[in-house]
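Subject: Model for you to look at

Hi,

Here is the model we talked about. Please open it alongside this email, and then read on for what turned up.

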Amino acid sequence: MATVTFRDETATGKRLAERKRTGLPDRMTVRELIALRPRQDTPVLSERAFLTNGFFILTDDHQLDSLDEVVDLTGSPTLTFIKLVALAGG
């Protein structure tokens, strides 16, 4: 069973929150991981935000690109959710 750290950060690197989740399978899709993310919004809103570049996810130094991408969790990774905000006037 794997342990994953979910971390929320701003685009400038400011850490907003961090939580660990234990007892996870060794491999999960990005979609499944988003659904597990400890947030108040529903997984469907989170999936939509991921698909429309509202945020992106890094694991180690690798950016996760697809909801169906399978992530190896055996090394107890940190998944960093980086929220992007629209620029004013653009």
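In which sense do strand 1 and strand 2 pair, and over how many bridges? They pair in the antiparallel sense, over seven bridges. One pair to look up there is R7 with its bridge partner in strand 2, E18.

Please keep in mind that this is a predicted model.

The overall picture

The protein chain has two helices and seven strands. Read along the sequence, the pattern is β-β-β-α-α-β-β-β-β. The chain has 90 residues, and buried residues make up 34% of them. About 5800 Å² of the chain is exposed, and carbon and sulfur atoms supply 50% of that area. Take the contacts between residues at least 6 apart in sequence: 54% of these join residues at least 24 apart.

The sheet

Five strands form an open sheet. Their order is 2-1-7-4-5, and the pairing is mixed. Strand 2 (15–24) and strand 5 (62–64) stand at the edges. Each has a single partner strand, so one side of each is left without a neighbour in the sheet. On average, neighbouring strands of this sheet are turned by 25° against each other, direction ignored.

Now go through the remaining pairings.

- Strand 1 (residues 2–10) and strand 7 (residues 78–83) run parallel, joined by six bridges. Here F6 stands opposite L79 of strand 7.
- Strand 7 also pairs with strand 4 (residues 55–59), in the antiparallel sense and over five bridges. L58 has T80 of strand 7 as its bridge partner. T59 stands opposite L79 in strand 7.
- Strand 4 and strand 5 run antiparallel, with three bridges between them. I57 stands opposite L64 in strand 5.

L79 is worth a click: F6 stands opposite this residue, and so does T59.

Strand 4, face by face

Which residues of strand 4 are on the covered face, and which on the uncovered one? F55, I57 and T59 are on the covered face. F56 and L58 are on the uncovered one. The background is simple: in a regular strand the side chains alternate between the two faces of the sheet.

Backbone points to check

Most residues other than glycine have a negative phi. Some residues here have a positive one, among them the following.

- N53 has a positive phi of about 60° and is not a glycine. N53 sits in the loop between helix 2 (43–51) and strand 4. N53 is exposed, with a relative accessible area of 57%.
- S76 is not a glycine either, and has a positive phi of about 50°. The place of S76 is the loop between strand 6 (70–72) and strand 7. S76 is partly exposed, at a relative accessible area of 42%.
- D60 has a positive phi of about 55°. D60 lies in the turn of the hairpin formed by strand 4 and strand 5, which has two residues between the strands.

If you have little time, start with strand 7. Strand 7 pairs with strand 1 in the parallel sense and with strand 4 in the antiparallel sense. Then turn to the loops with N53 and S76.

Best wishes

Terms used
Residues numbered from 1 in each chain as written. Predicted model: local features only at pLDDT ≥ 70, side-chain atom pairs only at ≥ 80, totals over all residues. Heavy atoms only, no water. Helix = DSSP H or I, 4+ residues; strand = E, 2+ residues; numbered from the N terminus. Buried < 20%, exposed > 50% of the residue type's maximum accessible area, 1.4 Å probe, protein only. Contact = heavy atoms within 4.5 Å. Areas by Shrake-Rupley, 256 points an atom, 1.4 Å probe, with all protein chains shown as cover. Pairing = 2+ DSSP bridges. Axes fitted to C-alpha atoms, helices over the stretch in contact; angles between N-to-C directions.
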